[in-house]
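Here are some worked exercises to try with the structure open in your viewer. Have a go at each task before you read the solution.

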Amino acid sequence: MSTSTQREFIHNKEEHHLDKTTIDSTKSSSDFETVPIHKKICNYAKGKWVIDDRRPLYSGFGCKQWLAPMWACRLMQRQDFAFEKLRWQPKDCETEEFEGPKFLKRMKDKTLAFVGDSLGRQQFQSLMCMITAGKDSSDVLDVGNEYGLVIPPGGVRPDGWAYRFLSTNTTVLYYWSSGLCELEPLNVKDPQTEYAMHLDRPPSFLRQFMHKIDVLVLNTGHHWNRGKLRANRWVMYLGGAPNTNRMLADMGRAKNFTIHNTVKWLDFQLPKHPRLKAFYRSISPRHFVNGDWNTGGSCNNTRPMSIDKEVLQEESSDPIAASAVRGTGVKLLDITALSQVRDEGHISRFITTSASGVQDCLHWCLPGVPDTWNEILFAQI
């Protein structure tokens, strides 16, 4: 909810423009993953939350090497932690038990990248804690410089982080791209410059480092509002010029267009990168009631109310994401409905980084719900 720090972006001259007809394309990719005919494909979006005393997968008091204090609810004033004991049980199938050594073995000599907003960063930090079981590890090397993830001159933090587990040469990284499109400073010499938000260009980071990535998880959603654009000085561009398309002046349509465009671009890249497994993660739900984050909205419940209540809907609760991946080789990591019933898992009134009275009903306590997103991801790679 805080405004993003100023960043410098490299303008990649490669352009990729898609019109509305390409968004409706239904090109399929049979090369993305071969599944034996006899193997039943699990629908991980259907199921229920059950109590499991083996949870959480790491301690909220630990994992200080990876977990930001602003998301570590064990370090806050919260007293009820029953939410940490819940495990997602898919209907009619089992989720593979996550184990750090098993993950590293499967990802030996490979790279997993999260590209998206702060919820993507939460999923990244969750996975780092899960791999290490929340314990400090000397086996991990910071390799952010290999991906340009360094603090820029005058900056506060880099645009992401990348770490390599030396024992298996496994790299896990996160790159901040809240809109999943290219941002370009309009005047690199002006610290207060506006940025061109190119709706029809994927992030230049993807174009630059795609060849190094084996598993890719994209997400966007919560930065698509006028307040965020004004705060970050982002100006929507289309075709290399300020947007004049009245339909795309609507934030919902602009988000829809950009998601479809980036996913379609990624689908076109898959034949060039046959080892790549690509996922688009559906939107993480907000649980503000009686207002928004800046108008008194709250999410005061701290008790799990979803235990043993089944989520059985046939369609995704994020129709934009489902539509974007349909007919492509990009898989949907569908976490919206299963997260929707977990309103008690947010940071809520225990937030430590905002003014008094402001609640965080967007981000999740860790350990918590994003751990399940990673369990479902692990089961599919």
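**Exercise 1. Take stock of the chain: what percentage of its residues count as buried?**

Solution. Of the 381 residues in this predicted model, 57% count as buried. Next, count the elements: the chain has nine helices and 15 strands. Then look at the contacts between residues at least 6 apart in sequence: 78% of them join residues at least 24 apart. Finish with the surface, where about 17,100 Å² is accessible and carbon and sulfur atoms account for 50% of that.

**Exercise 2. Work out the strand order of the open sheet that has β7 and β11 at its edges.**

Solution. Start with the order, which reads β7-β8-β10-β11, with mixed pairing. β7 (182-185) and β11 (241-242) each have a single partner strand, so one side of each lacks a neighbour in the sheet.

Now go pair by pair. β7 and β8 (residues 195-198) run antiparallel and are joined by four bridges; within that pair, Pro-185 has Tyr-195 as its bridge partner. At the other edge, β10 (residues 234-238) and β11 are also antiparallel, held by two bridges, and Leu-238 sits opposite Ala-241.

**Exercise 3. Are the two faces of β7 covered or open?**

Solution. Recall that side chains in a regular strand alternate between the two faces of the sheet. For β7, one side carries Glu-182 and Glu-184, and the other carries Leu-183 and Pro-185. All four are buried, so both faces are covered.

**Exercise 4. Track down backbone oddities: where do Leu-180 and Arg-233 sit, and which prolines follow a cis peptide bond?**

Solution. Take positive phi to begin with. Leu-180 has phi near 55°, although it isn't a glycine. You'll find Leu-180 in the loop between β6 (170-176) and β7, and it counts as buried because its relative accessibility is 1%. Arg-233, another non-glycine residue, has phi near 60°. Arg-233 belongs to the loop between α5 (226-232) and β10 and is partly exposed at 24% relative accessible area.

On to the cis bonds. One joins Arg-55 to Pro-56, with omega about 0°; Pro-56 is in the loop between β1 (47-51) and β2 (86-90). Another runs from Leu-366 to Pro-367, with omega near 0°, and Pro-367 lies in the loop between β15 (360-364) and α9 (369-379).

**Exercise 5. Sort out the salt bridges: how many does the structure hold, and are Arg-342 and Glu-344 buried or exposed?**

Solution. The total is 17 salt bridges. Let's pick a few.

- Glu-310 and Lys-91 pair up with their closest N and O atoms 3.9 Å apart. Glu-310 is in the loop between β12 (277-281) and α7 (319-325), and Lys-91 in the loop between β2 and α2 (100-106), so the bridge ties together parts 219 residues apart in sequence. Glu-310 is partly exposed at 44%, as is Lys-91 at 34%.
- Lys-212 and Glu-146 also meet at 3.9 Å, N to O. They link loops 66 residues apart: the one between α4 (204-209) and β9 (215-218), and the one between β4 (140-142) and β5 (160-165). Lys-212 is partly exposed at 26%, and Glu-146 at 34%.
- Arg-342 and Glu-344 meet at 2.5 Å, N to O. Here Arg-342 is buried at 2% relative accessibility, and Glu-344 is buried at 0%.

As a last step, look for shared partners: Asp-52, Arg-54, Arg-55, Arg-87, Glu-97 and Glu-375 are joined into one salt-bridge network.

Note on methods:
Residues numbered from 1 in each chain as written. Predicted model: local features only at pLDDT ≥ 70, side-chain atom pairs only at ≥ 80, totals over all residues. Heavy atoms only, no water. Pairing = 2+ DSSP bridges. Buried < 20%, exposed > 50% of the residue type's maximum accessible area, 1.4 Å probe, protein only. Contact = heavy atoms within 4.5 Å. Areas by Shrake-Rupley, 256 points an atom, 1.4 Å probe, with all protein chains shown as cover. Salt bridge = Lys/Arg side-chain N within 4 Å of Asp/Glu carboxyl O.
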